[in-house]
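Q: Please take a close look at a single helix of this model and at its surroundings. A connected account of the packing, the pocket and the charged pairs would be most useful.

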Amino acid sequence: MRVRAAELRDAPALGRVMVGAWLSAHRDQVPDAAWQKRVEEWTPEVSASAWARLLSEQAGGEHPRTVLLVAEAHRDNAVGLLLATEDEDDDSGATAQVNALYVLPDDQGHGIGRLMLARAAAELMTLGFSRLHIGVLTANHPARAFYEAMGGREVRQRTFDEDGFPLPETVYVWPDLADLVTGSRPVTGSGP
């Protein structure tokens, strides 16, 4: 198992992981109409195209404070991904946000999410970030348990719009990225 920076050649695998893991994780957490729309319109190929665009832009010097990781296992097959960017609401530039952290269902519970989060924290620190937050659907209890086990503190509730459906979201924060890198917080439980 390894976690590494994603490359342009990873776009198809990132699309497969993102769509497969998202649909599995959120099946009973979003309204059926929103989920069905995703099933019909959001294919691994559509997702791969978006990942390829982002990776091409990064290769061209855009998004210098973005971290995109891929987790590989089983003979270098992608099983997870993590995308972190600058929090645009933080004028100080010290806070990053995790936009996506997904692990395929069959590969969850093996520490892949933990490894990706620790690797991302280390990379984000080198980019000048000191804090991290992530928003997660409030109904996503397995992911919430994972973030809490990783030392994330629940700081607020907000609403996320999923194709016109307002969904409750819980925000977790790590006030010191070094805690994720050094593992100074106890890691227990399961999840991504």
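**Helix 5 and its surroundings**

A: Helix 5, residues 141-149, has as its buried residues Ala143, Arg144, Phe146, Tyr147 and Ala149. The model is a predicted one. In an α-helix there are 3.6 residues to a turn, so residues three or four places apart point the same way. The buried residues of helix 5 pack against strand 4 (95-103), strand 5 (131-137), strand 6 (153-162) and strand 7 (165-174), and also against helix 4 (112-126).

Both ends of the helix merit a remark. At the N-terminal end, Asn140 acts as the cap of helix 5, with a side-chain oxygen 3.2 Å from the backbone nitrogen of Ala143. Ala143 is itself one of the buried residues of the helix. Just after helix 5, Gly151 adopts a positive phi of about 95 degrees.

Arg144, another of the buried residues of helix 5, leads to strand 7, since Arg144 is among the residues in contact with Thr170. Thr170 belongs to strand 7 and is buried, its relative accessible area being 0%. Beyond its neighbours within four places in sequence, Thr170 is in contact with Ile134, Gly135, Val136, Thr138, Arg144, Glu154, Arg156 and Gln157. Two of these contacts can be described at the level of side chains. The side chains of Thr170 and Thr138 are joined by a polar contact of 2.8 Å. A polar contact of 3.0 Å links the side chain of Thr170 to that of Gln157. Thr170 and Gln157 are 13 residues apart along the chain, and their C-alpha atoms are separated by 4.7 Å.

Strands 6 and 7 are also linked by charge. Side chains of opposite charge can pair when their charged atoms come close. Glu169 and Arg158 meet through their side chains in a salt bridge, with an N to O distance of 2.6 Å. Glu169 lies in strand 7 and Arg158 in strand 6, so this pair ties together parts that are 11 residues apart in sequence. The two partners can be set side by side in terms of accessibility: Glu169 counts as buried at 9% relative accessibility, whereas Arg158 is partly exposed, with a relative accessible area of 29%.

Helix 5 also takes part in the largest pocket. About 1,000 Å³ of space lies in this pocket. Its lining comprises 43 residues, and those nearest the centre are Met18, Trp22, Asn99, Ala100 and Tyr102. At least two lining residues are supplied by each of helix 1 (11-26), helix 3 (44-59), strand 3 (77-86), strand 4, strand 5, helix 5, strand 6 and strand 7. Strand 4, against which the buried residues of helix 5 pack, gives the largest share of the lining, seven residues. By residue class, the lining divides into 24 nonpolar, 12 polar and seven charged residues.

The view may now be widened to the charged pairs elsewhere in the chain. The structure holds 12 salt bridges. In one of them, Glu72 pairs with Arg4, the closest N and O atoms being 2.8 Å apart. This pair links distant parts of the chain, with Glu72 in strand 2 (residues 67-73) and Arg4 in strand 1 (residues 2-5), 68 residues apart. Glu72 counts as buried at 5% relative accessibility, and Arg4 likewise counts as buried, at 9%. A further salt bridge joins Arg65 and Glu86, whose closest N and O atoms are 3.3 Å apart. Arg65 lies in the loop between helix 3 and strand 2 and Glu86 in strand 3, so the pair ties together parts that are 21 residues apart in sequence. Glu86 is partly exposed, its relative accessible area being 31%.

Salt bridges that share partners join Arg2, Arg4, Glu7, Arg9, Asp10 and Glu72 into one network. Within that network, Arg9 is found in the loop between strand 1 and helix 1. At 58% relative accessibility, Arg9 counts as exposed, whereas Glu72, also a member of the network, is buried. The side chains of Arg9 and Glu7 are joined by a polar contact of 2.8 Å. The C-alpha atoms of Arg9 and Ala48 are separated by 10 Å, and these two residues are 39 residues apart along the chain.

Technical notes:
Residues are numbered from 1 along each chain as its sequence is written. This is a predicted model: local features need pLDDT of at least 70, side-chain atom pairs count only at pLDDT 80 or more; totals for chains, interfaces and linings use all residues. Side-chain values use heavy atoms; hydrogens and water are left out. Buried means under 20% relative accessible area, exposed over 50%, partly exposed in between (1.4 Å probe, protein chains only). Helices (H or I, at least four residues) and strands (E, at least two) are DSSP runs, numbered from the N terminus. Contact means heavy atoms within 4.5 Å. A polar contact is a pair of N or O atoms within 3.5 Å; within protein, one must be able to donate a hydrogen and the other to accept it, and residues adjacent in sequence count only if both atoms are side-chain atoms. On a 1 Å grid over the protein atoms alone, a cavity is a set of points where a 1.4 Å probe fits but cannot get out, and a pocket is an open set with protein on both sides within 12 Å along at least five of seven lines; lining residues have an atom within 4 Å of a point. Grid points are joined across faces, edges and corners, and a volume is the space filled by probe spheres set on the points. Ala, Val, Leu, Ile, Met, Phe, Trp, Tyr, Cys and Pro count as nonpolar, Asp, Glu, Lys and Arg as charged, and the others, Gly among them, as polar. A salt bridge is a side-chain nitrogen of Lys or Arg within 4 Å of a carboxyl oxygen of Asp or Glu.
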